Amino acid sequence: MLKRFHFDSPTEVYRADAAVLWCFDDRITLVVQKFLKRIGVRQVDTVRIAGGAMALASPKDNFEQGFVIEQLRVSRRLHQTERVILFAHRDCGAYGGSARFQGDAETEASFHRAELARAAEVIRAALPDVTVEYYFADFDGVWEMDAPRSAIAG
């Protein structure tokens with residue numbers, strides 16, 4: 001065995017500020033990380049899969065939904081996670097990208113709002129003791145999707 005890199009990682013078990021479910025599309029990585037930091041989420045249990053919350057809201061099969069719920073349960077058990085944060089994003093390839101919405105940003109955001117709300121309900125049913133919040137990452141910022149419509153349109 002050849003050590004290729006030395007780094008001292010913390011060995012203490014942590015309490016997660018949140019379990020975060022989002023798409024593996026790297027275009028939104030930096031904005032999500034910066035946003036989480038801005039809202040005070042430092043210790044994160046991350047679940048990243050194509051489409052993110054799609055696995056809960058519109059799963060292709062029972063495996064997808066069960067897998068994500070189990071990951072959230074493990075986060076709860078191992079790191080006492082009490083908060084789940086969901087992200088959807090503009091031009092998500094798992095949903096067919098922005099082309100699916102003929103470039104209509106408002107229609108696309110409304111679609112993802114409904115998907116995120118459905119995913120949040122699945123989580124609340126499976127894990128009633130966690131709080132769930134959800135956001136939409138566009139290429140110019142992050143929008144709180146369970147906020148009143150007028151706060152998002154701006």
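**Exercise 1. The last two strands**

In strand 5, Val142 is the bridge partner of Ala137. Starting from this pair, work out which way strand 4 and strand 5 run and what joins them.

*Solution.* A word before we start: the model you are looking at is predicted.

Step 1. Find the two strands: strand 4 covers residues 131-138 and strand 5 covers residues 141-144.

Step 2. Look at their direction. The two strands run antiparallel, and four bridges join them.

Step 3. Trace the chain from one to the other. The link is a hairpin, which passes from strand 4 to strand 5 through two residues.

Step 4. Pick out Asp138, which also has its place in strand 4. Its relative accessibility is 17%, and because the limit for buried is under 20%, Asp138 counts as buried. Leaving aside residues up to four places away in sequence, Asp138 touches Arg90 and Trp143.

**Exercise 2. The surroundings of strand 1**

Describe how strand 1 (residues 18-22) is covered, and find the strands with which it pairs.

*Solution.* Step 1. Check the cover. Five of the five residues of strand 1 are buried.

Step 2. Sort the side chains by direction. Ala18, Val20 and Trp22 point one way, while Ala19 and Leu21 point the other way. Both groups are buried.

Step 3. Go to strand 2 (residues 44-48). Strand 1 pairs with strand 2 in the parallel sense, over five bridges. Here Ala18 stands opposite Val44.

Step 4. Go to strand 3 (residues 83-89). This pairing with strand 1 is parallel as well, over three bridges, and Val20 stands opposite Ile85.

Step 5. Add the helix. Helix 1 (residues 29-38) joins strand 1 and strand 2 in a β-α-β unit, and that unit is right-handed.

Step 6. Finish with Trp22. Over its ring sits the charged end of Arg48, 3.7 Å from the ring centre.

**Exercise 3. Rings in pairs**

How many aromatic pairs does a search of the whole structure find, and how would you class the pair of Phe5 and Phe7?

*Solution.* Step 1. The search finds seven aromatic pairs.

Step 2. For Phe5 and Phe7, the centres are 6.4 Å apart and the planes make an angle of 10 degrees. Planes under 30 degrees apart count as stacked, and so this pair is stacked.

Step 3. Ask whether these rings are buried or exposed. Phe5 has 63% relative accessibility and counts as exposed. Phe7, at 58%, counts as exposed too.

Step 4. Look for rings that join up. Phe35, Phe87 and Tyr135 are linked by ring pairs into a cluster.

**Exercise 4. Two cysteines without a bond**

Explain why Cys23 and Cys92 do not form a disulfide.

*Solution.* Step 1. Recall what is being looked for: a disulfide is a covalent bond between the sulfur atoms of two cysteines.

Step 2. Take the distance. The cysteine sulfur closest to that of Cys23 is in Cys92, 4.1 Å away.

Step 3. Compare it with the cut-off. A disulfide needs the sulfur atoms within 2.5 Å, so 4.1 Å is too far for a bond. The structure holds zero disulfides.

Step 4. Check the cover of both. Cys23 is buried at 5% relative accessibility, and Cys92 is buried at 3%.

**Exercise 5. A histidine in a helix**

Where is His112, and which residues does it touch?

*Solution.* Step 1. His112 has its place in helix 4 (residues 105-126).

Step 2. With a relative accessible area of 1%, His112 is buried.

Step 3. List the contacts, not counting residues up to four places away in sequence: His112 touches Ala88, His89, Tyr95, Phe101 and Phe136.

Step 4. Compare sequence with space for His89. His112 and His89 are 23 residues apart in sequence, and their C-alpha atoms are 7.8 Å apart.

**Exercise 6. Positive phi in a loop**

What is the phi of Asp91 and of Gln102, and where do these residues lie?

*Solution.* Step 1. Begin with the background: most residues other than glycine have a negative phi.

Step 2. Read the angles. Asp91 is not a glycine, yet its phi is positive, about 60 degrees. Gln102 is not a glycine either, and its phi is positive at about 50 degrees.

Step 3. Place them. Asp91 is in the loop between strand 3 and helix 4, and Gln102 is found in the loop between strand 3 and helix 4 as well.

Step 4. Look at exposure. Asp91 is partly exposed, at 26% relative accessibility, whereas Gln102 is exposed, with a relative accessible area of 70%.

Conventions:
Residues numbered from 1 in each chain as written. Predicted model: local features only at pLDDT ≥ 70, side-chain atom pairs only at ≥ 80, totals over all residues. Heavy atoms only, no water. Buried < 20%, exposed > 50% of the residue type's maximum accessible area, 1.4 Å probe, protein only. Pairing = 2+ DSSP bridges. Right-handed = clockwise from strand over helix to strand, strands pointing away. Phe/Tyr/Trp six-rings, centres within 6.5 Å; stacked < 30°, edge-to-face > 60°. Lys NZ or Arg CZ within 6 Å of the ring centre and 35° of its normal. Contact = heavy atoms within 4.5 Å.
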